[in-house]
Amino acid sequence: MNNKLISFHEVSKIFKVGDENFTALRDINLEIKTGSFMSFVGPSGSGKTTLLNLIGGLDVPTSGDIFFKDIKLSSLSRNMMAKYRRENIGFIFQTYNLLPVYSVYENILLPLLLNGLKENTVRERVIDIVSKVGLLDQIKKKPSQLSGGQCQRVAIARALVKDPLLILADEPTANLDSKNSLQILELMKELNQQYKAAVVFSTHDEKVTRYIDREIGLEDGKIIFDK
Amino acid sequence: MIVFLFRGIFRDKSRFLFPISIVTIGVALVVALVGFMEGVFMGMIDMTANLDTGHLRLVNKPFYDEEHLRPLDRSLAAQKETLKWLEHNTNSDITWAPRIRWGALLDVPDVNGNTKSQTPVVGMALDFKSSDSFEIKRLHLVESLLKGKLPLGKNEMVIGNQLAHSLKVSLGQSVTLLGQSFDGGLVADNYTIVGFIKFGVTTMDKKMVLIDLIDAQNTFYMDDTVTDWLGYFPSSFNFTNYVDVKNKINFNLNTWIKTPPKDWAKDDIPITLSILDQQNIGSMVKTFTLIKSFVVGIFTFLMMLVLWNAGVLSGIHRYGEMGLRLAFGESHWKLIFTLGIEGLFIGILGSIVGCIIGGTFTWYLQEIGLNMGDAFSKSGLMINDVVRARLTLDGFIQGIIPGIFSSVTGTLIASLAIFKRSEANLFRELEAG
């Protein structure tokens, strides 16, 4: 069975910075399998976020091809790319990016509404995932009433609720203390096994590496190890 | 999704109160301003129509050509026949009122019968006594009577309160009118002052005398003759249609003139004028309409500018939300569409509140009015001292449409930035918080 979710073929990404060209990624070849739990590690400017951008369909490579299953991402129109993200990708950010005017329940509901689902058909699903991230008693609270760890749990639930094939998490533990970081990583690992969504981190937090199945090291836009 | 977004709008006062307030203030100002302008202007038009020009006016052309001289000898005879013709040959919803415009010297004698004071007056004779006459109601004479009663007996008159004051006359005072008769002779007839009227128009309060039509016909030897027939439409009839009706009557008149009543002089040529043809009102209406459009246009433009900026501020405030929605896969078009819907909603809500506030203010000014008698005291305009606004459907429409338009347009212009926003930077932007 072919469980290849994302594949990179000789992918390079060059940014124009003023008159200069900056190569963020060089000739990357990479495969991400369904349900994997992996991370990109490396110093700032090594190309981690650019890789996440390309996987998430937020940017296109300067050269090379990226495939989602058998679909070549660079051939998709802007709207099709949006549909790809909407249906397949969940995002978790370092700064949570919860909408402050909405409750925990409503923040998690948002991706489902963007997918065209009606609130009354998905209410149970949202409550179920809130319960899985352990925030059922906080469901009506606003983000400002939650701790950092709780906010990241909401962000995880928000990423998972639409049942995506892939979750991209950019430094999800960077704003959390050790205890909360570990709790979040344990939760993500548990949900990864439960939901079978591939989780790709970008991080330089060593704690993360203890939980992941695969670690890809980046430096100057090149893969320096894959273990 | 829309319901979800509205929940957010209501909870986030910064993105709700400011634009709603702008639309509310703008719409309220437009509704009140249009209502006030409409009230002042249409009040002036109505006043002029009621007192002087009618909505339509049938007059003998030779009289009209020398109207400033009040040439009673050029009046139009065959009053009864003319009324019959008007009733059969013009719109049934026009009410026709016969009038005599006259000018004379008003002489006030002392106890010995010598002249105590004397002044030229402008007179209008109208039908006070017929049971089917609307003139008293039309001119609001009962409400305008300061002292005394209306001239319902023989040879009675009411005069403007300022005229009464300057002549130092009292109620019951006998005065003499000295003027020119229909056939060019000198007339002198005694009248009793039975009431003081406040027309609310300074020029009239200083000069105007009202007497009954039959009395005037007797005084000036004008049996079955009047100077004017004033036609009045119901208030629902828009003045833009006056010209068509006038043309139709003039067309019929041309036929009638070929077989005129026997009492008409050979050179009598009755013509119909609309109020727009008289006293430069036509061009004033055009100017007024232009100014009104200009005012509404300026308000719309200003509202749009402010709402555009409000949209930009809201966009900055909601930068994270927009980025998140784009990252989560909402298309740019859909995002802008939902913003447009938000703008529409804010526009509608602001317009409703604005209409209530502006409408209440306009209603207050309509019912209570604003006394500007001092400001108008030196003015020759036929304008009521108490200026009243006018609450009209048009006024609301002229407030609501710009309110909604500016809200939606302002939001859409502001949201153009979303179109330029590159997804490639979203991660970086969202990480920056």
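**Exercise 1. Describe the contact between chain B and chain A, beginning with the area buried between them.**

Solution. About 2900 Å² is buried between chain B and chain A, and carbon and sulfur atoms give 60% of that area; buried area here is the accessible area (1.4 Å probe) that two parts lose on being put together, summed over both. This is a predicted model, in which local features need pLDDT of at least 70 and side-chain atom pairs count only at pLDDT 80 or more, while totals for chains, interfaces and linings use all residues. Residues are numbered from 1 along each chain as its sequence is written, chains are lettered from A in the order in which they are written, and side-chain values use heavy atoms, with hydrogens and water left out.

Next, count the residues: chain B brings 28 and chain A brings 30 to the contact, where contact means heavy atoms within 4.5 Å.

**Exercise 2. Find how many salt bridges join chain B and chain A, and give one of them.**

Solution. Apply the rule that a side-chain nitrogen of Lys or Arg must lie within 4 Å of a carboxyl oxygen of Asp or Glu. The count between the two chains is then 3 salt bridges, and one of them pairs B:R7 with A:E119, whose closest N and O atoms are 2.5 Å apart. On the side of chain B that touches chain A, the residues divide into 12 nonpolar, 5 polar (Gly counts here) and 11 charged (Asp, Glu, Lys and Arg).

**Exercise 3. Locate the salt bridge formed by A:D128.**

Solution. The partner of A:D128 is A:K132, with the closest N and O atoms 3.1 Å apart. Both residues lie in helix α4 (residues 119–132) of chain A, 4 residues apart, about one turn of the helix; helices are DSSP runs (H or I, at least four residues) numbered from the N terminus.

How values were computed
Helix = DSSP H or I, 4+ residues; strand = E, 2+ residues; numbered from the N terminus.
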